[in-house]
Amino acid sequence: MNIKTYIGLGSNLGDSQQILVEAINQLCRLGKVKVSKLYQSPPMGPQDQPHYLNAVVCLETTFNALDLLDELQRIENESGRVRLRRWGERTLDLDLLIYGNESIQNERLTVPHIGIFERDFVIFPLLDLDENIQINGQLLKDLSILQHQTLTVLADHTWANC
């Protein structure tokens with residue numbers, strides 16, 4: 001049975017757009033993928049780092065949540081993931097944001113992702129994929145953070161199709 005999941009992608013080291021395209025190509029091997037627009041955002045953590053490229057994919061997959069997390073970490077590692085400091089620069093970050101309608105909380109995974117409601121670089125791409133998406137009964141399109149956008153759209157949803 002296919003589960004609809006949403007995965008956040010981010011990069012601000014190296015050729016970020018190419019790194020994200022390669023990650024999406026890897027995700028396409030795990031199931032059917034739909035890609036959001038490509039955004040540029042200022043860093044959430046330390047400000048002495050490059051801006052990020054961000055996107056979200058909707059992945060329909062048969063993987064259970066922890067196996068999917070393992071696959072995301074494998075893709076990060078194969079991309080040469082570098083994380084220099086907390087909320088710092090990185091070559092590739094893949095976050096499992098939503099896994100079906102499930103709420104998961106264990107030592108390895110919290111779904112829905114704990115920071116969704118505070119991150120416009122996650123909310124806008126999620127809305128690209130489903131304008132009526134809800135998390136825990138909250139319509140994302142009604143969040144006040146949408147009035148304070150810090151993002152720049154770099155490409156429409158066709159930037160990385162597989």
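The following exercises, with worked solutions, concern a predicted model of one protein chain.

**Exercise 1. Determine how many helices and strands the chain has, and in which pattern they follow one another.**

Solution. Step one is the count: the chain holds three helices and ten strands. Step two is the order, which along the sequence reads β-α-β-β-β-α-β-β-β-α-β-β-β.

**Exercise 2. Assess how compact the chain is against the globule rule.**

Solution. The radius of gyration of the chain is 15 Å. For 162 residues the globule rule gives 15 Å, and the two values are close, so the chain is as compact as a globular protein of that length. As for extent, the C-alpha atoms fill a box of roughly 40 × 35 × 35 Å along the principal axes.

**Exercise 3. Describe the burial, the surface and the contact range of the chain.**

Solution. Begin with burial: 51% of the 162 residues count as buried, the cut-off being under 20% relative accessible area. Turn next to the accessible surface, which comes to about 8300 Å², with 46% of it belonging to carbon and sulfur atoms. Finally, take the contacts between residues at least 6 apart in sequence; 68% of these join residues at least 24 apart.

**Exercise 4. Locate the mean positions of the positive and negative charges relative to each other.**

Solution. The chain carries 14 positive and 21 negative charges. Their mean positions are 0 Å apart.

**Exercise 5. Analyse the largest nonpolar core and the surroundings of I24.**

Solution. First, identify the members: the core has 32 residues, and those touching the most other members are I7, L9, I24, L27, V57, L94 and W159. Second, assign the contributors. At least two core residues each come from strand 1 (3-11), helix 1 (16-28), strand 2 (32-35), strand 4 (52-61), helix 2 (65-78) and strand 5 (93-99). Helix 1 gives the largest share, six residues. Third, inspect I24: beyond its neighbours within four places in sequence, I24 is in contact with L9, V33, V35, V57, W159, A160 and C162. Fourth, note that another core, of 21 residues, lies apart from the largest one; L97, L127, I145 and L151 are among its members.

**Exercise 6. Decide whether helix 3 is largely enclosed or open, and name the strands its buried residues pack against.**

Solution. Helix 3 spans residues 120-129, and nine of its ten residues are buried, so this helix is largely enclosed by the rest of the structure. The buried residues are D120, F121, V122, I123, F124, P125, L126, L127 and L129. They pack against strand 1, strand 2, strand 3 (38-41), strand 4 and strand 5.

Methods. Residues are numbered from 1 along each chain as its sequence is written. This is a predicted model: local features need pLDDT of at least 70, side-chain atom pairs count only at pLDDT 80 or more; totals for chains, interfaces and linings use all residues. Side-chain values use heavy atoms; hydrogens and water are left out. Helices (H or I, at least four residues) and strands (E, at least two) are DSSP runs, numbered from the N terminus. The radius of gyration is taken over C-alpha atoms; the globule rule is 2.2 Å times the number of residues to the power 0.38. Buried means under 20% relative accessible area, exposed over 50%, partly exposed in between (1.4 Å probe, protein chains only). Contact means heavy atoms within 4.5 Å. Accessible areas come from the Shrake-Rupley method with a 1.4 Å probe; for residues, only the protein chains shown count as cover. Lys and Arg count as positive and Asp and Glu as negative; His and the chain ends are not counted. The place of a charge is taken as NZ of Lys, CZ of Arg, CG of Asp or CD of Glu. A nonpolar core is a set of buried Ala, Val, Leu, Ile, Met, Phe, Trp, Tyr and Cys residues joined through side-chain atoms within 4.5 Å.
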